[in-house]
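Q: I should like to learn how to read a metal site and a domain interface in a model. Could we work through them in turn?

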Amino acid sequence: MTNSRIADIFDEIADLLEFQGSNPFRVRAYRHGARIIRDLHEPVTAVLADESRKLTDLEGIGKDLADKIRTLVETGVLAQHQELLAQVPATVLDIMRVPGLGPKKAASLYKELNIATLDQLKAACEAEQVRQLKGFGAKTEQTILHGISIAAAANERVYWSEADAVAQDVKEHLRSCRSVEQLELAGSFRRGKETVGDLDVLVVSPDAAEVMNRLAEYSELAEVIARGDTKMSIRTNKGLQIDLRVVPAESFGAALQYFTGSKDHNVVARGLAKQRGLKINEYGVYRVDGDSEEYIAGASEEDVYATLDLPCFPPELRESRREFEWAAAGELPELISVDDIRGDLHMHTTATDGRATLEEMVAAARQRGLSYIAITDHSKRVSMARGLDAQRVLAQWEEIDTLNARLKGKFIVLKGIECDILEAGGMDLPDDVLAQADWVLASVHYGQQQSRDQITKRILGAIEHPAVTAIAHPTGRIINRREAYEVDIAAVFSAAAKHGKFLELNANPARLDLHDVHCAAAKSHGIPIVINTDAHSIDGLDCMRYGILQARRAGLTKNDVANTRTWPQLKKLIAQ
Ligand code: DGT
Ligand code: CA
Ligand code: CA
Ligand code: ZN
């Protein structure tokens with residue numbers, strides 16, 4: 001049992017208790033437990049397996065929590081959880097998870113209107129019954145209806161980061177099977193797509209049955225969907241489908257090429273093969289001569305592409321956008337990699353809604369091999385996060401000056417701020433304060449429902465502001481949960497190019513904003529992209545790799561991304 005599965009169970013218990021109107025302290029205890037376990041740096045199963053260690057030695061884990069974890073790991077279930085699940089209709093859980101709802105609102109819908117399923121909820125919203133409840137309104141009804149449609153779509157696709165956790169887990173599980181000779185993940189996951197529909201696993205093995213038996217023993221398996229001689233599909237406890245295919249070694253490259261896709265990319269490749277009298281499929285590349293077919297390649301992807309005189313495209317580029325054109329011209333970009341990044345220009349500390357202090361963030365960034373960071377806490381408009389007013393931000397910058405003096409140039413901390421662009425337009429902090437910063441991100445957090453015209457004007461105003469250096473998460477979307485606000489993105493590109501401002505690719509796996517197509521468009525305008533983690537904790541700094549994947553899908557090189565530069569180089573670029 002993984003840490004994240006245990007945390008999910010605790011969270012679900014908290015939801016169910018809250019739905020029943022239980023003591024808030026009990027609810028909070030489970031939520032707290034879930035968070036502790038989710039944030040642990042090692043699997044609890046490893047600690048349990050080590051006789052010389054105790055769970056209670058881990059920070060934040062007391063005896064009560066430790067007992068529950070041990071029970072879960074040993075028996076797979078928790079009595080409290082089972083009892084609660086028996087008391088609450090299962091479909092109510094779906095209702096709690098609709099964006100904008102939660103256990104409390106789900107409880108009043110259940111009590112007042114007897115709503116227990118998504119269909120009933122949808123019907124009640126459409127009949128305008130929900131708006132009559134206390135705490136709900138006409139607007140909530142719209143939000144719920146929208147949330148239901150998003151939730152339905154979201155059920156099918158998961159964030160790349162979530163797919164990655166499952167992919168690494170299942171990979172490790174299958175690798176322990178002795179007959180596995182080669183193993184690779186294909187599909188949208190390998191292409192680094194921001195969301196993944198299902199995982200495609202390819203294995204070379206002389207004994208397909210043994211590999212499939214091993215998959216059937218996977219600890220996170222919920223059901224076997226289908227099983228054949230060399231193919232098998234399962235669903236995990238979290239609902240993610242995994243397709244396994246076992247292929248012979250001489251077909252591994254061909255299968256990897258085929259199942260990596262995308263479908264559109266493969267259509268083009270097949271067409272090119274046909275022009276050369278070749279046939280290409282998941283088993284290999286064949287020379288077609290009348291009725292006879294001769295196998296000429298298939299063991300490796302390089303071999304497969306070489307029969308078409310093509311380079312082995314990085315998977316992130318295989319979307320049938322411009323990769324074939326680039327290859328024909330010999331201009332395939334050398335894509336950026338995570339090692340190229342030298343600085344991270346968006347992160348929060350305990351001064352606002354971050355969970356680590358300034359010093360802790362600096363130490364963690366140094367440990368990760370960065371040479372500079374910008375501290376960009378929220379400005380005062382974000383009152384929920386205790387955003388900084390002029391006085392507090394100036395005090396923080398003084399603290400940063402002191403810290404830099406101590407660091408003697410071995411590492412540089414930039415005085416930054418994530419300054420809100422106000423609903424009425426204009427910046428949330430005075431110009432003379434912003435002018436003292438090294439790095440100013442401007443963000444739209446409020447008034448996202450405004451018209452396209454209003455939002456575009458606000459962002460253009462920020463771009464024109466002399467102190468602003470970059471626009472953070474420029475479209476505001478949250479994948480699967482909230483659509484981008486209406487904005488004239490072309491106007492944003494023109495303005496950023498004209499005023500020499502940067503645009504952010506926010507690396508948070510739920511944001512990935514700008515997304516790949518927009519990054520490519522920004523590049524064509526000559527706008528430097530900055531890839532930032534927007535970390536709210538030490539672990540948040542590790543999100544950089546998700547942003548890098550998205551940047552690679554956009555065809556960005558090291559040179560297109562400003563924070564691959566040293567701070568002196570970047571400073572020059574800002575001044576230009
Ligand atoms: P997903 O799972 O929806 O995130 O996206 P993919 O791209 O992983 O799609 P999936 O899992 O249905 O299939 C994996 C790859 O296999 C796909 O990218 C291309 C290849 N493939 C699957 N079905 C077909 C097909 O009917 N024709 C062609 N040419 N390729 C296919
Ligand atoms: Ca797939
Ligand atoms: Ca699939
Ligand atoms: Zn932020």
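**Metal site and domain interface**

A: Let us begin; note that this is a predicted model.

Q: Which residues are the protein donors of the calcium ion (ligand 3), and how are the donor residues spaced in sequence?
A: One starts from the donor atoms and then turns to the sequence. Asp198 is listed with two OD entries, alongside Asp200 (OD) and Asp243 (OD), at 2.3 to 2.7 Å from the calcium ion (ligand 3). The spacing of these donor residues is D-x1-D-x42-D.

Q: Which residue bridges the calcium ion (ligand 3) and the calcium ion (ligand 2)?
A: Asp198 does so, and the two ions are 3.7 Å apart.

Q: Is Asp200 buried or exposed?
A: Asp200 has a relative accessible area of 10% and counts as buried because the limit is under 20%. Asp198, at 21%, is partly exposed.

Q: Where do the domains lie in the sequence?
A: The domain assignment places domain 1 at 3–154, domain 2 at 156–247, domain 3 at 260–329 and domain 4 at 338–575. Between domain 3 and domain 4, the C-alpha centres are 40 Å apart. Each side gives residues to the contact: 6 from domain 3 and 6 from domain 4.

Q: What area do domain 3 and domain 4 bury between them?
A: Interface size is often expressed as the accessible area lost when the parts come together. Here domain 3 and domain 4 bury about 530 Å², with 43% of it on carbon and sulfur atoms. On the domain 3 side, Glu316, Leu317 and Arg321 supply 79% of the area buried against domain 4, more than any other three residues.

Q: How many salt bridges does the rule find across the interface of domain 3 and domain 4?
A: The rule finds 3. Arg552 forms a salt bridge with Glu316, with the closest N and O atoms 2.8 Å apart. Polar contact between domain 3 and domain 4 comprises 2 residue pairs, both residues being at pLDDT 80 or more. The domain 3 side touching domain 4 has 3 nonpolar, no polar and 3 charged residues.

Key. Residues numbered from 1 in each chain as written. Chains lettered and ligands numbered in written order. Predicted model: local features only at pLDDT ≥ 70, side-chain atom pairs only at ≥ 80, totals over all residues. Heavy atoms only, no water. Donors = N, O, S within 2.8 Å, 3.2 Å for Na, K, Ca; no water. Buried < 20%, exposed > 50% of the residue type's maximum accessible area, 1.4 Å probe, protein only. Domains from an automatic or database assignment. Contact = heavy atoms within 4.5 Å. Buried area = accessible area lost by both parts, 1.4 Å probe. Salt bridge = Lys/Arg side-chain N within 4 Å of Asp/Glu carboxyl O. Polar contact = N/O pair within 3.5 Å; in protein donor to acceptor, adjacent residues only side chain to side chain. Nonpolar A, V, L, I, M, F, W, Y, C, P; charged D, E, K, R; others polar.
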